Amino acid sequence: MVAALSVSVPVIRWSEEREAELAELAAKGADDLSARLGHRNAR
């Protein structure tokens, strides 16, 4: 492992809708970071 990504949100602002939005943003951020570190996606 070279890097890590986390999401922190106050409980008052957490909802299932927000969870889906944040999960999508985190996945996009992880993909972008991996690409910048040289990972080539085999998909």
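A residue counts as buried under 20% relative accessible area, exposed over 50%, and partly exposed in between. With that in hand, take E21: at a relative accessible area of 39%, E21 falls between the two cut-offs, so it is partly exposed. Keep in mind that this is a predicted model.

**The helix**

Helix α1 runs over residues 16-36. How far apart are its end C-alpha atoms, and does that agree or disagree with the expected span? The 21 residues, at 1.5 Å a residue, should span 30 Å, and the end C-alpha atoms are indeed 30 Å apart, so the two agree. If you want to redo the arithmetic, the expected span is 1.5 Å times one less than the number of residues. Just past the end of α1, G38 takes a positive phi of about 105°.

**Salt bridges**

How many salt bridges does a search of the whole structure find? It turns up 2. Here they are, side by side:

| Pair | N to O distance | Spacing in helix α1 |
|---|---|---|
| R18 and E21 | 3.2 Å | 3 residues |
| K28 and D32 | 3.0 Å | 4 residues |

R18 and E21 both sit in α1, about one turn of the helix apart. K28 and D32 are also both in α1, and again the spacing is about one turn. As for cover, R18 has 31% relative accessibility, so it counts as partly exposed. D32 comes in at 37%, which makes it partly exposed as well.

**The nonpolar patch**

Which residues form a nonpolar patch on the surface? They are V2, L33 and L37, and together they have about 300 Å² of accessible area. L37 belongs to the segment after α1. Is L37 buried or exposed? Its relative accessible area is 52%, and the cut-off for exposed is over 50%, so L37 is exposed.

**Before the helix**

On the other side of α1, V9 is found in the segment before the helix. Its relative accessible area is 25%, so V9 is partly exposed. What does V9 touch, leaving aside residues up to four places away in sequence? Its contacts are W14 and L22. For a sense of distance, V9 and A35 are 26 residues apart in sequence, and their C-alpha atoms are 26 Å apart in space.

Methods:
Residues are numbered from 1 along each chain as its sequence is written. This is a predicted model: local features need pLDDT of at least 70, side-chain atom pairs count only at pLDDT 80 or more; totals for chains, interfaces and linings use all residues. Side-chain values use heavy atoms; hydrogens and water are left out. Helices (H or I, at least four residues) and strands (E, at least two) are DSSP runs, numbered from the N terminus. Patches are made of residues with over 30% relative accessible area and no salt bridge: like charges are joined within 9 Å, nonpolar side chains (Val, Leu, Ile, Met, Phe, Trp, Tyr) within 5 Å. Accessible areas come from the Shrake-Rupley method with a 1.4 Å probe; for residues, only the protein chains shown count as cover. A salt bridge is a side-chain nitrogen of Lys or Arg within 4 Å of a carboxyl oxygen of Asp or Glu. Buried means under 20% relative accessible area, exposed over 50%, partly exposed in between (1.4 Å probe, protein chains only). Contact means heavy atoms within 4.5 Å.
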